[in-house]
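Hi,

Here is the structure I said I would pass on. Have a look at it first, and then read on for what turned up.

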Amino acid sequence: MAQRLALQRLLALPTRGPLASHGRAFGTSPGRRNTFNVQDGSDFQDRVVNSPKPVVVDFHAQWCGPCKILGPRLEKLVAKQEGKVLMAKVDIDDHTDLAIEYEVSAVPTVLAMKNGDVVDKFVGIKDEDQLEAFLKKLIGA
Amino acid sequence: SVQAHKEEENPQKTMEVNGFMPVPDSYDYDLIVIGGGSGGLAAAKEAAKYEKKVMVLDFVMPTPQGSSWGLGGTCVNVGCIPKKLMHQAALLGQALQDSRKFGWQFTEEVKHNWMTMTESVQNYIGSLNWGYRVALRDKKVTYENAYGEFVGPHTIKATNKKGVEKLYTAETFIIATGERPRYLGIPGDKEYCISSDDLFSLPYCPGRTLVVGASYVALECAGFLAGLGLDVTVMVRSILLRGFDQDMANRIGEYMKEHGVSFIREFVPIKVERVEEGNPGILKVSAKSTRGDQIIEVEYNTVLLAIGRDPCTRKIGLDKVGVNINERTGKIPVNDEEQTNVPYIYAVGDILQDKLELTPVAIQAGRLLVQRLYAGTTTKCDYVNVPTTVFTPLEYGACGYPEETAVEKFGEENIEVYHSNFWPLEWTVPSRDNNKCYAKIICNTQDNERVIGFHVLGPNAGEVTQGFAAAIKCGLTKEQLDSTVGIHPVCAEV
């Protein structure tokens, strides 16, 4: 999609989500602590691949309608799991290399990662029950 | 001049001496395509089918206003796709008005929100950009978002937006760098005016707009902007739609005038100044008559320049590899196999001299070229009888010769023109114009009354024209046309 460089310079903050620019959450609600926006490849390595806890990775795009529905829905359910699982958000236009590495074709694509491996995945929007089952399986397995 | 002569005799030696690259004996890639637009991507994807190692370089230099976009080229990002979507938005506005007469009742006045439309259009384009990335990856084509330029034989330098440079070599190259809008070269043009490159992602409604130019880009943009309810004026230097059938062009102009677009004819802008800041602000345009000394000054929120497009061929190092370009226009002359004067360098798309500037043509040319290179075919791209459509408020579809060209080529006595006004059934109830839609065919009486020109002005002209283009390619004659039973009630039956 088109970008206007002037506006990009003004809005120099890399993230678009509810979190501040360093991805360190400082809200008090549990959701904020468990969800973060991936900053770059090494951030992904540190906080997703090397994470001691399982992580769901939400690959999304600004131009994707269903992503805007799935994102908050997934975040809410991740928060419900009380810290047993974390959620990483990756904007595929900002982090195309990462998206390509994990073979993302369509968005939203959500990967379940445990100990650096992709153990589960789905593409497209899911309802709350389906998401909850997905998360429980990741935590339990 | 002695020095130049010596270089010509032994360019390789000279280049080595001057620190240039010698010809490599093995290459990084079989094919490098410079430009990821309609032609470039089609060629790259086709080459990958034959298991060739292919790279595509695509890079968008931002406009003076700062606009930029993703992979896919002009058509996808700032051309056909957003244009047609916005044209559709305008048509829907008209349809809403018509709908009352068909019984739909709604009390509110209908208004248009520019931001909603633009966001939807840009979201769709974003999905296309991503789709192209995925397609290239799936076909194992290497893609670099970098500016490519030749630095020596078989060698290009790719510079990404961070300024990092890399060198790549290939056995064959295809140049598909396309064009960008031309500016006027008057004070204030780059600072204050926008072009079609900016329009489709403009983050604010353009408001009262002056469109400079009378190309199809100018008329299509003016058309949909007016259709969305904006106050639009078109400033024309001489004629409308140069190169197209002039009778049809004038009908299009008349229709637009009767439907809210103002025209200022035979004037050119000489200065643009900003009177008030803002998005949009207010700009003052000074224009001079082409016929005398009269100068006028008019104020607009936005000035859209659509006076032509120039090929991106002057800053890609073509001189370093000896590719000839037309110095005046920047276009690249090629033979009928899209080959430049340098045997391993080819070109496709809008940058070609004397060829049509259309996406499907570039795609076809790119694909056939690659098939000739790697699949041993001999089929060349057929540039004759290519159909086209102008998406002005009253759409115009054409295939074959304009009337003037047919007369010039075959002689007036050998041409027969059959024509008719028609009134689309859908326009009757809402009492829309009954004498504006028009169709004509031009036949060559010396060749069995073969149809050599097809022109239609009316709704869905593009859809109508496509079928007739296929018939014309098969050698359609007037008799065959007459004996084809029409579908009723559709416009195409005329």
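Which helix of chain B does B:Tyr216 lie in? That would be α9, which covers residues 216-227. Before I go further, keep in mind that this is a predicted model.

I started there because of the UniProt record. Its unreviewed entry carries a "binding site" annotation on B:Gly213, B:Ala214, B:Ser215, B:Tyr216, B:Val217, B:Ala218, B:Leu219, B:Glu220 and B:Gly308. These residues span 96 positions in sequence, but no two of their C-alpha atoms are more than 13.6 Å apart, so they gather at one spot.

Two of the annotated residues are worth a click. B:Tyr216 has a relative accessibility of 35%, so it counts as partly exposed. If you skip the neighbours within four places in sequence, B:Tyr216 touches B:Leu241, B:Glu357 and B:Val390. B:Glu220 also sits in helix α9 of chain B. Is B:Glu220 buried or exposed? Buried: its relative accessible area is 3%, and the cut-off for buried is under 20%. With the neighbours within four places again left out, B:Glu220 is in contact with B:Lys83, B:Thr389, B:Val390, B:Phe391 and B:Thr392. So B:Val390 turns up in the contacts of B:Tyr216 and in those of B:Glu220.

Next, a sheet in chain B. It is open, has three strands in the order β13-β14-β15, and pairs antiparallel. Strands β13 (267-276) and β15 (295-300) are at the edges with a single partner strand each, so each has one side without a neighbour in the sheet. On average, neighbouring strands here are turned by 20° against each other, ignoring direction. Strand β14 of chain B (residues 282-289) pairs with β15(B) over six bridges, in the antiparallel sense. If you want a place to zoom in, B:Lys284 stands opposite B:Glu299 of β15(B).

Now for chain A. How many helices and strands does chain A have? Six helices and six strands, and along the sequence they run β-α-α-β-α-β-α-β-α-β-β-α. Chain A has 141 residues, of which 46% count as buried. Taking the contacts in chain A with a separation of 6 or more, 67% are between residues 24 or more positions apart. The exposed area of chain A is about 7300 Å², with carbon and sulfur atoms supplying 53% of it.

Cheers

Conventions
Residues are numbered from 1 along each chain as its sequence is written. Chains are lettered from A and ligands numbered from 1 in the order in which they are written. This is a predicted model: local features need pLDDT of at least 70, side-chain atom pairs count only at pLDDT 80 or more; totals for chains, interfaces and linings use all residues. Side-chain values use heavy atoms; hydrogens and water are left out. UniProt positions are given in the numbering used here, feature names are shortened, and annotations may be inferred rather than shown by experiment. Helices (H or I, at least four residues) and strands (E, at least two) are DSSP runs, numbered from the N terminus. Buried means under 20% relative accessible area, exposed over 50%, partly exposed in between (1.4 Å probe, protein chains only). Contact means heavy atoms within 4.5 Å. Two strands pair if DSSP finds at least two bridges between them. Axes are lines fitted to C-alpha atoms, for helices over the stretch in contact, and angles run from 0 to 180 degrees between N-to-C directions. Accessible areas come from the Shrake-Rupley method with a 1.4 Å probe; for residues, only the protein chains shown count as cover.
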